[in-house]
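Trainee: I'd like to learn how to read a fold from its coordinates. Could you walk me through this one?

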Amino acid sequence: MYTEEIEQYAATLKLLNTYLISTAIVKVSPTSYGKPIHKFYWILDKETVIEQIKASNEVEKPLPLPTKLNITSFDRISHLMVDSAAEIDILAIVLRCGPQKNAGSSHHKYREITLCDNQKNQFLFTLWEDFGEIEGHEISSKMATEADLLVILGRSIRISTYQGLSLQTRYNSTVCVNPNYPQAVALINWAKENKTMLLSSPSKKTSTSSSITPMIVTPAGQQLISIAEISLAPSMGVFYVEAEMAVLDEFQDFCALECSGCKQKKRTKDRKDFECPKCNRKTSLVPRCSFQIDLIDNTATTTTSISIELGEKLLSITAEDIFDITCTKRQSLSLNHVHEMLSNKVFKIQLRKSSWGSSNTTNATLSILSYMEKQHTPQSTTDRTSKKIKPLEISEVEVMATTAAAGSSNASVKFEPPTPTKKV
């Protein structure tokens with residue numbers, strides 16, 4: 001409504017009343033300033049006809065059951081491309097519902113719940129802001145009073161790399177508890193019959209909650225491949241490898257600033273508020289942990305990215321502290337404890353291979369979705385000196401200096417505890 005119609009219809013339209021509205025102008029919502037909440041919007045003008053429907057106590061004929069849902073199964077989520085604009089619909093059982101919390105210094109409220117499907121696949125689902133206060137409170141209250149497990153239908157849900165691989169609400173998401181769809185009713189009945197099993201036995205395939213280390217177990221039957229095979233694989237997707245990890249580039253940026261709303265990375269080190277064209281409002285910049293890490297097995301070495309909570313966990317430091325040290329204080333980040341932690345250890349790693357580029361060239365990138373230290377693994381029989389991360393003895397320094405002089409014109413000898421040499 002615009003101008004004169006605002007006052008006119010304010011006296012006509014009353015809350016919780018039913019109206020028949022005809023001859024309204026219907027337009028497609030503009031997308032130039034971001035993704036709109038609704039696909040269409042109506043305009044009520046002077047030519048719109050509005051008729052109030054009188055209340056009736058007669059028993060109305062029930063509406064037909066909703067049509068079939070177009071949902072994404074949990075098995076498919078790990079094979080989808082993680083993108084800030086990607087949205088999916090999910091149908092799942094609620095196993096646990098956490099309390100309302102504040103996200104660090106940003107004061108954004110959230111609530112985490114654990115979801116499960118009928119194959120015992122679990123995902124962490126974060127309800128942000130009003131979703132945590134309204135739908136999250138409803139879920140928490142019903143779980144405390146009702147004997148049966150709840151089922152939720154989530155629409156326009158975002159896939160995130162938080163805690164390995166998880167789900168989050170967006171501004172245009174909807175969350176419905178125990179909906180009346182045929183698939184939901186079937187899942188509710190299945191949850192009733194298998195409640196004891198769901199609450200007692202661990203899942204075979206799981207994305208983790210915030211109460212445990214953010215790592216994902218390799219799904220049963222998923223084949224491990226070598227780093228060399230990933231590099232040669234033409235297709236994009238999710239792969240699983242066993243490799244050692246090392247941070248060989250100690251002079252890289254370990255965090256970046258992004259919009260607190262749309263999470264768009266910005267090429268600046270200034271944290272002042274700004275007008276975000278994507279959010280179409282004034283917002284602030286927040287630091288996000290993101291850096292490069294090298295993976296090494298007996299076939300090849302490759303560089304991949306690790307970010308957000310996985311990166312913070314590996315570095316044992318928050319993104320806020322990284323920004324304070326590297327950008328505010330302009331100091332180098334100490335990685336001695338990281339080198340010691342990663343030295344001579346093999347990890348099971350879940351990788352995503354993605355592609356980007358222009359119409360002429362296409363580039364592939366690797367990012368870590370989850371990792372887990374391989375237990376009871378004997379020390380590798382292959383001695384790869386280039387990837388060893390440990391303080392060097394004096395004799396090793398002399399050998400290293402001789403080798404560097406032969407292979408590089410800018411190498412220098414420093415007889416002090418050196419940092420690992422950067423990969424050439």
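Mentor: Sure. Begin with the inventory: the chain's secondary structure comes to 11 helices and 21 strands. Keep in mind that this is a predicted model.

Trainee: What share of the 424 residues in the chain is buried?

Mentor: Buried residues make up 38% of them. On the outside, the chain exposes about 25,400 Å², and carbon and sulfur atoms supply 53% of that area. As for contacts with a separation of 6 or more, 62% are between residues 24 or more positions apart.

Trainee: How do I read the nonpolar cores?

Mentor: In soluble globular proteins, nonpolar side chains tend to be buried together. Here the largest nonpolar core has 39 residues, and those with the most contacts inside it are M245, F291, I293, L315, I349, I368 and Y371. Strand β18 (residues 285-296) gives the largest share of this core, five residues. Apart from it there is another core, of 24 residues, with V94, L150, I152 and V175 among them.

Trainee: Which residues does I368 touch beyond its neighbours up to four places away in sequence?

Mentor: Its contacts include M245, I293 and I349. L295, I306, L310 and L351 are also among them, and so are the polar residues T304, S305 and Q350.

Trainee: Now strands. What should I look for on their two faces?

Mentor: In a regular strand the side chains alternate between the two faces of the sheet. Take strand β11 (residues 174-177): V175 and V177 are on its covered face, while T174 and C176 are on the uncovered one. Strand β5 (residues 88-97) is mostly covered, with eight of its 10 residues buried.

Trainee: Which strands pair with β5, and in what sense?

Mentor: β5 pairs with β9 in the antiparallel sense over six bridges, and L91 has L153 of β9 as its bridge partner. β5 also pairs with strand β7 (residues 108-116), again antiparallel, over four bridges; there R96 stands opposite T114. Then follow strand β9 (residues 150-160) onward: four bridges join it to β11, and the two run antiparallel. One partnership to look up is R155 with T174 in β11.

Trainee: Is S160 buried or exposed, and why?

Mentor: S160 counts as buried because its relative accessibility is 3%, and the cut-off for buried is under 20%. This serine is found in strand β9. Its side chain makes a polar contact of 3.3 Å with that of Q168. Leaving out residues up to four places away in sequence, S160 touches L165, S166 and Q168.

Trainee: And what about H137, for contrast?

Mentor: H137 lies in helix α4 (residues 135-145). It counts as partly exposed because its relative accessibility is 47%. Beyond four places in sequence, H137 touches R111 and G132. You can also compare sequence and space: H137 and G98 are 39 residues apart along the chain, with their C-alpha atoms separated by 9.9 Å.

Trainee: Where do the buried residues of helix α9 fall when you look down its axis?

Mentor: In helix α9 (residues 319-328), the buried residues are A319, I322, F323 and C327. Seen down the axis of α9, they fall within an arc of 95 degrees, so they line one face of the helix. Their cover includes β14 (255-259), β18 and α8 (308-315). Just after α9, check the backbone too: R330 takes a positive phi of about 55 degrees.

Key
Residues are numbered from 1 along each chain as its sequence is written. This is a predicted model: local features need pLDDT of at least 70, side-chain atom pairs count only at pLDDT 80 or more; totals for chains, interfaces and linings use all residues. Side-chain values use heavy atoms; hydrogens and water are left out. Buried means under 20% relative accessible area, exposed over 50%, partly exposed in between (1.4 Å probe, protein chains only). Contact means heavy atoms within 4.5 Å. Two strands pair if DSSP finds at least two bridges between them. A polar contact is a pair of N or O atoms within 3.5 Å; within protein, one must be able to donate a hydrogen and the other to accept it, and residues adjacent in sequence count only if both atoms are side-chain atoms. A nonpolar core is a set of buried Ala, Val, Leu, Ile, Met, Phe, Trp, Tyr and Cys residues joined through side-chain atoms within 4.5 Å. Accessible areas come from the Shrake-Rupley method with a 1.4 Å probe; for residues, only the protein chains shown count as cover. The arc is that of the directions from the helix axis to the C-beta atoms.
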